[in-house]
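Reader: I'd like a close look at one part of this protein, and then a walk outwards from there. Could you take me through it in plain language?

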Amino acid sequence: MQQPPTPNPGVEPPVPIQPTLATSEPTYRHQIRITFPDLAKLAQAGRYAELAQACDNMEAAIPDDPDSCRLLLTGPLVLAHLINDDATSAYFALKRLPGPLAATALPQALLPLTASIADRKYQNIQPRVSTLISLAQNPQALEPELALLVESMAGALQLAWRKRIVALLSRAYAGIPAAQASALLDLPADKIASEVASWKYDAASATFTPVGDAVATSVRATSSITRFDDAVAGAAQLEMKTQTEDDLFGWEPILQILIIKEIAGNKPGDPPRKRLILSDGTHFVQAMLATQRNNLVDEEQIVRFSVIKLTKFHASMLAGKQLIILIDLEVVERDAEKIGEPKNIESSGVVPPPEPTLKPTPTAGTSSSTAPAPTLVNKRPGASAISKPSNNYPIYPIEQLSPYQNKWTIKARVTQKSDIRNFSTARGEGKLFNVTLTDETGEIRGTAFNTAVDELFDKFQEGKVYFISKARVNIAKKKFGGSTNDFELGLERHTEVEECTDASNVPEIRYNFVELGKLDQTEKDAIIDVLGVVSQVSDLTELTSKAGKTLTKRDITLVDRSQYSVRMTLWGKQAESFHATNNPVMAFKAVKVGDFGGRTLSMVGTSTYQENPDIGEAHLLRGWYDSEGQGASFNSQSAAGGGSGGGQFRRDELMTLTTVKDSGIGQGDNADYFSCRATIIFVKPDTVMYTACPSDKCNKKVTQEPSGDWRCEKCDRNYPEPDVRYLMTLHVADHTNQLWLQAFNDVGQSILGMTAKQLYDIEQDDHTAAQGIIERAHSKIFNFSCRAKSDTFNDQTRIRYGINRVWPLDYAAEGHAILDTLKAY
């Protein structure tokens with residue numbers, strides 16, 4: 001793309017920006033503001049690439065803070081990318097904004113503009129730039145200095161794209177109606193006549209005609225927006241010049257690694273990425289190793305100057321630069337000498353030939369009898385062996401899909417297919433189903449609604465491989481579960497689904513297992529994969545939902561080599577059909593993490609499981625359990641009604657009691673969860689424990705019969721002895737407020753240091769001694785994980801606060817946490 005003109009070429013180049021930001025809140029915000037004038041000077045000088053680089057560097061050093069001063073970086077960064085016609089980088093810059101900030105006026109104006117540029121919707125670009133300029137001119141919308149810079153850069157963007165549109169129209173058409181020109185350029189006809197010197201205006205026909213060098217030579221027709229869209233679609237395709245999957249199939253080039261560098265993942269919790277520089281002896285290019293092959297670097301199977309064969313890869317463009325995604329490779333020679341003096345392929349302006357031959361550059365003083373360095377020969381067979389989709393769209397890896405790609409195909413295996421589910425909304429009845437699609441690079445969920453269900457449901461079968469195209473790529477709705485991909489596919493009636501006869505290189509199912517011992521470090525509602533041995537299976541039970549539906553569920557207990565156990569809940573047909581014998585190893589895909597009573601797991605609509613899967617991790621777990629795991633004791637991540645231990649107190653979620661009361665926690669339809677640190681100031685002595693049914697999973701109160709037996713009305717049985725369980729009401733306080741909390745059996749045992757049965761026996765012999773044990777809990781400080789839920793009784797609604805978990809105060813850990821907080825400032 002032709003770069004926009006430099007507004008003020010005489011401006012002195014500013015001092016290079018060196019972002020050395022601390023992460024403390026006052027420091028980085030202050031640094032952004034004092035650096036902003038330098039960013040404005042770069043924009044004024046038309047040095048947009050430098051501006052984008054400076055903003056990128058600074059943004060990488062700041063925390064994920066929704067403060068509006070971050071827009072002083074993101075606004076200029078996005079506009080710089082758009083001026084340079086790099087819509088992909090602009091989109092991801094907007095995506096990095098925290099949610100509250102992304103919903104503000106400036107990002108909301110930039111996002112549709114970015115989409116129009118990415119999709120080459122020329123008739124929308126100028127009006128959306130005008131909307132952005134109007135926003136900048138609104139004195140209440142943006143900070144004054146940001147508004148000035150946005151208005152200036154939007155003007156440069158507007159000028160650059162007007163020139164582009166004029167050039168395209170001039171080459172394509174002999175006549176441009178004034179109305180169409182006004183719509184595309186967002187200018188009245190008289191302004192176009194005065195500003196576009198290469199067009200001559202005929203008032204009689206209200207048509208612009210290109211003159212001079214701009215005269216159209218191939219298409220002698222009058223333009224329309226529809227025809228213009230067709231023309232620019234072809235022009236955009238020529239601009240991209242990307243190789244298709246057909247071009248690369250079967251070609252296994254042999255290249256040398258010049259540099260290996262580790263970079264952070266796209267978001268917190270993602271594995272690090274490995275960036276490589278690859279050379280053919282003449283040129284070098286950047287590459288990214290697929291995360292599932294990170295082990296090649298971590299285990300030093302490949303090092304600097306290793307020679308490798310690319311057996312599966314994908315060529316792409318990122319931020320306007322060529323990038324190779326390495327999906328799989330073979331090591332030809334691990335320890336080799338550097339071959340040649342390669343140059344950057346970006347600056348050479350050439351594309352690597354199909355059959356390059358790498359020969360070493362001889363060094364001075366090398367004897368002709370010395371054994372030469374290896375010669376690398378790349379042979380590229382014909383592409384006739386490929387099984388390809390009928391539409392000839394390029395095949396993309398799933399991890400490369402984004403909303404700003406139009407013509408693409410994925411080759412993926414269906415690893416999960418749901419039943420058709422019916423739903424009802426204010427707009428009427430509907431139905432849907434979803435599938436999980438997997439290839440070598442990742443997975444993505446696809447969902448079809450209503451008429452698309454009728455068209456596509458029978459086409460998908462679990463386990464088969466398909467070519468899929470003409471679907472929408474949307475931002476993933478994580479609240480509905482599914483894959484960990486940031487995007488999802490909207491399957492529509494016209495979506496093309498073709499079964500692929502060549503299922504090679506498409507994995508059966510991909511797992512990213514989380515150890516049970518690390519569940520306390522996993523966020524609530526996260527979707528994860530786990531592998532464990534089934535140590536216990538409960539009976540099938542029924543319950544009634546708030547909507548009046550009868551649900552069936554089954555709880556099972558999983559254990560693994562981390563010496564932890566967790567409760568997993570299966571629902572519906574999966575619960576009914578689950579029959580595990582002889583402690584099988586189970587691999588669960590896409591289960592949901594809960595936090596009621598510690599950490600729990602639950603299968604959702606997109607979850608699947610495999611019994612005794614034929615994978616290495618399962619065989620190792622089987623061997624461990626049979627040899628030593630059967631007799632081991634396990635820490636529980638899940639507790640019935642709450643507990644202590646087996647988890648980690650989340651200080652980042654800590655609230656004061658005043659915040660708990662004032663923030664409306666527990667007032668909604670669903671329960672809310674919070675953490676607090678408080679001192680027990682009183683335990684109600686008359687409601688500390690109760691006699692309970694001793695049968696498993698009952699725990700209802702029992703009463704003593706005249707015969708001496710204990711009667712449970714729920715079980716309709718008599719028992720010779722009751723169980724005894726805690727049911728405590730605690731009055732706690734912190735430095736801001738007071739609160740009444742309810743504690744169940746495991747929590748009570750942690751607070752009092754003995755079982756309820758032990759306290760009950762003491763009370764039968766010595767009531768005063770039992771009261772003394774209860775009073776010992778007074779004035780003790782604990783960390784609590786709590787649940788808040790509104791409850792209505794006798795037409796009165798109040799919030800009940802219950803304790804899920806309790807931790808005694810660890811003063812050493814708390815001291816270190818305070819030190820870490822102080823160091824952050």
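In what sense do strand 2 and strand 3 (residues 207-210) pair, and over how many bridges?

Author: Happy to, with one thing up front: this is a predicted model. Strand 2 and strand 3 run antiparallel to each other, and four bridges hold the pairing on the books. If you want a spot to put your finger on, try Asp-202, which sits opposite Thr-207 of strand 3.

Now zoom out a little. These two belong to an open sheet of three strands, arranged in the order 1-3-2 with antiparallel pairing. Strand 1 (176-177) and strand 2 (199-202) are the edge strands, each pairing on one side only. As general background, it is backbone hydrogen bonds that pair the strands of a sheet, in either a parallel or an antiparallel way.

What about the rest of the chain? The protein has 22 helices and 36 strands, so let me pick out two other strands, each through one residue, using 20% as the line below which a residue counts as buried.

Start with Glu-443, which lies in strand 15 (residues 443-449). Its relative accessible area is 10%, so Glu-443 falls on the buried side of that line. The side chain of Glu-443 has a polar partner too: it makes a polar contact of 3.0 Å with the side chain of Lys-589.

Asn-474 is the other one, and you'll find it in strand 17 (residues 472-475). Here the relative accessible area is 22%, so Asn-474 is classed as partly exposed. Its side chain makes a polar contact with the side chain of Arg-472, at 3.2 Å. Beyond the neighbours within four places in sequence, Asn-474 touches Asp-486, Phe-487, Glu-488 and Gly-490. Take Asp-486 from that list: it is 12 residues away from Asn-474 along the chain, and their C-alpha atoms are 8.7 Å apart.

Last, the whole-protein view. There are 825 residues, and 43% of them count as buried. The protein exposes about 41700 Å², with carbon and sulfur atoms supplying 50% of that. As for who touches whom, take the contacts with a separation of 6 or more: 65% of them are between residues 24 or more positions apart.

Technical notes:
Residues are numbered from 1 along each chain as its sequence is written. This is a predicted model: local features need pLDDT of at least 70, side-chain atom pairs count only at pLDDT 80 or more; totals for chains, interfaces and linings use all residues. Side-chain values use heavy atoms; hydrogens and water are left out. Buried means under 20% relative accessible area, exposed over 50%, partly exposed in between (1.4 Å probe, protein chains only). A polar contact is a pair of N or O atoms within 3.5 Å; within protein, one must be able to donate a hydrogen and the other to accept it, and residues adjacent in sequence count only if both atoms are side-chain atoms. Contact means heavy atoms within 4.5 Å. Accessible areas come from the Shrake-Rupley method with a 1.4 Å probe; for residues, only the protein chains shown count as cover. Two strands pair if DSSP finds at least two bridges between them.
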